Amino acid sequence: MKILVATQKPFSAAAVAGIQEIVTAAGHTFALLEKYPGQDELMAAAADADALIIRSDKVTAEVLDAAKSLKIVVRAGAGFDNVDLAAATAHGVVVMNTPGQNSNAVAELAIAMMIYMARTQFTPATGSEIMGKQLGIQAFGNVGRLVGKKAEALGMRVMAIDPFIPAEKISEAGAVPAASLEELYSSCDYVSIHIPATPQTIGSIGYELVSKMPKGAVLVNTARKEVINEEGLAKALRERPDLKYITDVAPDSYAAMQEEFGLRVFATPKKMGAQTAEANMNAGLAAARQIVDYFATGNTRFQVNK
Ligand code: 3PG
């Protein structure tokens, strides 16, 4: 089988070498497409591939039409909003993710982002400390839980909410369960977002929630830019000069926001939450192993389009 690693944002060389080793040791053919300029190159490279390993690369219905031999796509990472699941299912293509493999990297970035904003983007202006502050975690999955543990160790009080996790489980994990999103936003000095981009969550965080945040609060987004209602966020920042926003996924209106809000907003130039040597290795090798295992035994444990 031909297994193609197609990554616009490449894995580290060590992770690529590790993937190649797993693929070839299992008797498959390894192919690599990195930093490709557009979807045409992806479609051409995927045309004869049996399996794809991707990151945030867009596997659209068009790509799936072009990839005539494709049997499986593994998103080396957590979020799979970049894959057209309905089209994949219609083509009989199995889609998997590698949950948990890059969570620590993202959680560490969320903590770093809180400190970066607390210390006024590392300028000499007087900042604040995160110790003793309350952190609200929106979605208590692999990343959210890790952020909670790290924040607790730094002396923060941790509150969390997750529509799929009962309050008792959140308490057992050491966080205070919030009764509602309104409670989370209105009582936390920092809110860290860890929800996926779905039809239910897209545009769901805007003026209503952000404007409820306490004085001096900071919203931290290492999830997806699409979950933010940018107009609503801007309105809240405009009305409340004490609020701040930091994100690993630049808003569409970032230039205008920077101009209007200065040091109160910050976005990384390129999504970097999962961009560590460790996360590249963990997620890349897990993806390769899942594909090899699927071809050998039919194991669909991490399939997301069942
Ligand atoms: C994920 O969903 O796993 C993260 O957003 C990482 O995305 P990336 O692999 O494109 O860096």
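Biologist: How many cavities of 30 Å³ or more does a search of the whole structure find?

Modeller: Two, in what is a predicted model. They are called cavities because a 1.4 Å probe fits inside but cannot get out.

Biologist: What lines the largest cavity?

Modeller: Its lining consists of F140, R145, G148, K149, E152, V158, A173, G174 and A175, around a volume of about 40 Å³. Helix α6 gives the most to that lining, with four residues.

Biologist: What makes G148 and G174 count as polar there?

Modeller: Gly is placed among the polar residues by the classes used, so the lining of the largest cavity divides into four nonpolar, two polar and three charged.

Biologist: And which residues line the second largest cavity?

Modeller: Those are F11, R55, A76, N102, A274, A279, N280 and A283. The second largest cavity holds about 30 Å³, and its lining has five nonpolar, two polar and one charged residue.

Biologist: Now the ligand. Which residues are around the ligand?

Modeller: Happy to list them: K9, R55, S56, R75, G77, A78, G79, N102, R224, K271 and A274. Each of these counts as near because one of its heavy atoms lies within 4 Å of the ligand.

Biologist: Why is the pair between S56 and the ligand called a polar contact?

Modeller: A polar side-chain atom of S56 lies 2.4 Å from an oxygen atom of the ligand. The cut-off for a pair of N or O atoms is 3.5 Å, so this pair qualifies. By that cut-off R55, at 2.9 Å, and R224, at 2.8 Å, also make polar contacts with ligand oxygen atoms.

Biologist: How much of the ligand does the protein bury?

Modeller: Taken alone the ligand exposes 320 Å², and the protein buries 93% of that.

Biologist: How do you know where the second largest pocket lies?

Modeller: Domain 1 (2-101 + 275-297) and domain 2 (103-267) both give residues to its lining, so the second largest pocket lies between them. Its volume is about 650 Å³. Of the 19 lining residues, S56, K58, E226, V249 and K271 are the closest to its centre. By class, the lining has three nonpolar, five polar and eleven charged residues.

Biologist: What is the volume of the largest pocket, and which residues lie nearest its centre?

Modeller: The largest pocket has about 1,200 Å³. Its lining has 49 residues, with A78, G79, H194, I195 and P196 nearest the centre. By class, they divide into 23 nonpolar, 18 polar and eight charged.

Methods
Residues are numbered from 1 along each chain as its sequence is written. This is a predicted model: local features need pLDDT of at least 70, side-chain atom pairs count only at pLDDT 80 or more; totals for chains, interfaces and linings use all residues. Side-chain values use heavy atoms; hydrogens and water are left out. On a 1 Å grid over the protein atoms alone, a cavity is a set of points where a 1.4 Å probe fits but cannot get out, and a pocket is an open set with protein on both sides within 12 Å along at least five of seven lines; lining residues have an atom within 4 Å of a point. Grid points are joined across faces, edges and corners, and a volume is the space filled by probe spheres set on the points. Domain bounds come from an automatic or database domain assignment. A polar contact is a pair of N or O atoms within 3.5 Å; within protein, one must be able to donate a hydrogen and the other to accept it, and residues adjacent in sequence count only if both atoms are side-chain atoms. Accessible areas come from the Shrake-Rupley method with a 1.4 Å probe; for residues, only the protein chains shown count as cover. Helices (H or I, at least four residues) and strands (E, at least two) are DSSP runs, numbered from the N terminus.
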